[in-house]
Amino acid sequence: MSRRTLALDDALYDYVLAHSLREHPQLAALREATRTHPHAGMQISPEQGQLMALLVKLIGARRTIEVGVFTGYSTLVVALALPADGQVLACDISDEYTRVGREFWERAGVAHKIRLVLAPAAATLDERIAAGDVGRYDFAFIDADKTGYDDYYERCLKLVRTGGLIAVDNTLWSGKVAQPSTDADTVALQRFNEKLHRDERIDLALLPLGDGFTLARKR
Ligand code: CA
């Protein structure tokens with residue numbers, strides 16, 4: 001028995017996956033295709049993806065935002081969890097990385113739910129705000145450059161409805177956030193975590209899942 005979160009050794013982590021993971025074949029295939037990628041560590045963990053799919057269904061999300069697509073695993077997770085008329089606004093700047101995912105989105109039959117915009121995410125989100133989409137999204141997932149998190153968060157908080165959810169990846173940053181640091185990414189994440197802790201506009205949970213997974217529900 002533990003009052004704290006369990007530390008997962010390999011055997012227990014394997015048990016968690018073996019006893020809970022229900023990964024769509026195209027998600028498994030995309031994960032395999034990304035495994036040898038030089039930046040494979042940027043992909044979310046599969047159990048984290050499954051939680052995100054459950055959350056998307058729980059809140060009845062139809063319109064979602066993704067900031068940072070990489071090779072499109074989380075995009076596919078959310079697209080599969082959305083209803084037939086659901087939409088992911090997927091923001092990224094890399095054609096090279098996102099191209100990996102696109103064929104798996106097609107094969108999974110959900111490519112029509114994903115609108116990929118290759119441009120700086122802050123500009124894409126500003127366009128949606130200017131277009132009158134404030135409060136018209138249900139869910140946002142932020143997983144991009146860490147020094148941009150606060151900009152993305154503020155924009156997503158505008159675009160998401162009351163009761164909508166913003167999920168943020170890498171908020172524990174391999175544990176580095178708990179140590180003094182001068183590294184720009186670590187400092188950005190430390191400030192971001194401190195800000196959300198005090199942010200009265202949201203309900204908050206910081207889960208020690210994957211590399212740290214923050215959930216912020218808009219009040
Ligand atoms: Ca990440």
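Modeller: Buried means under 20% relative accessible area, exposed means over 50%, and partly exposed lies in between (1.4 Å probe, protein chains only). This is a predicted model, where local features need pLDDT of at least 70 and side-chain atom pairs count only at pLDDT 80 or more, while totals for chains, interfaces and linings use all residues. Residues are numbered from 1 along each chain as its sequence is written, and side-chain values use heavy atoms, with hydrogens and water left out.

Colleague: What makes a residue a protein donor of the calcium ion here?
Modeller: Donors are N, O and S atoms within 2.8 Å of the metal, or 3.2 Å for Na, K and Ca; water is not among the atoms, so the site may look incomplete. The protein donors are D143 with two OD entries, D169 through OD and N170 through OD1, at 2.3 to 2.7 Å from the calcium ion. Those distances fall within the calcium limit, so the atoms count as donors. Along the chain the spacing of the donors is D-x25-D-N.

Colleague: Why are D169 and N170 called buried?
Modeller: D169 has a relative accessible area of 3% and N170 has 9%. Both values are under the limit for buried, so the term applies to each.

Colleague: How many aromatic pairs does the structure hold, and why is the pair of F141 and F213 called edge-to-face?
Modeller: There are four aromatic pairs. The ring centres of F141 and F213 are 6.2 Å apart and the planes meet at 70 degrees. Rings of Phe, Tyr and Trp (its six-membered ring) pair if their centres lie within 6.5 Å, and planes under 30 degrees apart count as stacked, over 60 as edge-to-face and the rest as tilted. Distance and angle both satisfy the rule, so this pair is edge-to-face. F141 in strand β4 (residues 137-142) and F213 in strand β7 (residues 213-218) are 72 residues apart, so the pair links distant parts of the chain; helices (H or I, at least four residues) and strands (E, at least two) are DSSP runs numbered from the N terminus. Both F141 and F213 are buried.

Colleague: What makes Y149 and F192 an edge-to-face pair?
Modeller: Their centres are 5.6 Å apart and their planes are at 75 degrees. Y149 lies in helix α7 (residues 149-159) and F192 in helix α8 (residues 184-198), 43 residues apart. Both Y149 and F192 are buried, and ring pairs link Y149, Y153 and F192 into a cluster.

Colleague: How do you know where R63 lies relative to Y137?
Modeller: A charge sits over a ring if NZ of Lys or CZ of Arg is within 6 Å of the ring centre and within 35 degrees of the ring normal. R63 lies over the face of Y137, 4.5 Å from the ring centre. R107 lies over the face of F104, at 4.9 Å.

Colleague: What makes R201 and E154 a salt bridge?
Modeller: The rule asks for a side-chain nitrogen of Lys or Arg within 4 Å of a carboxyl oxygen of Asp or Glu. In R201 and E154 the closest N and O atoms are 2.8 Å apart, so the pair qualifies. R201 is in the loop between α8 and β6 (202-207) and E154 is in helix α7, 47 residues apart. By this rule the count comes to 20 salt bridges.

Colleague: Why are R201 and E154 called partly exposed?
Modeller: R201 has a relative accessible area of 37% and E154 has 22%. Both fall between the limits for buried and exposed, so each is partly exposed.

Colleague: Which partner does R217 have, and at what distance?
Modeller: R217 forms a salt bridge with D203, with the closest N and O atoms 2.9 Å apart. R217 is in strand β7 and D203 in strand β6, 14 residues apart. Salt bridges that share partners join D150, E154, K195, D199 and R201 into one network.

Colleague: Are D133 and R128 buried or exposed?
Modeller: Both D133 and R128 are buried, and their salt bridge has its closest N and O atoms 3.0 Å apart.

Colleague: What makes K57 exposed?
Modeller: The relative accessible area of K57 is 56%, over the limit for exposed. K57 is in helix α3 (residues 46-58).
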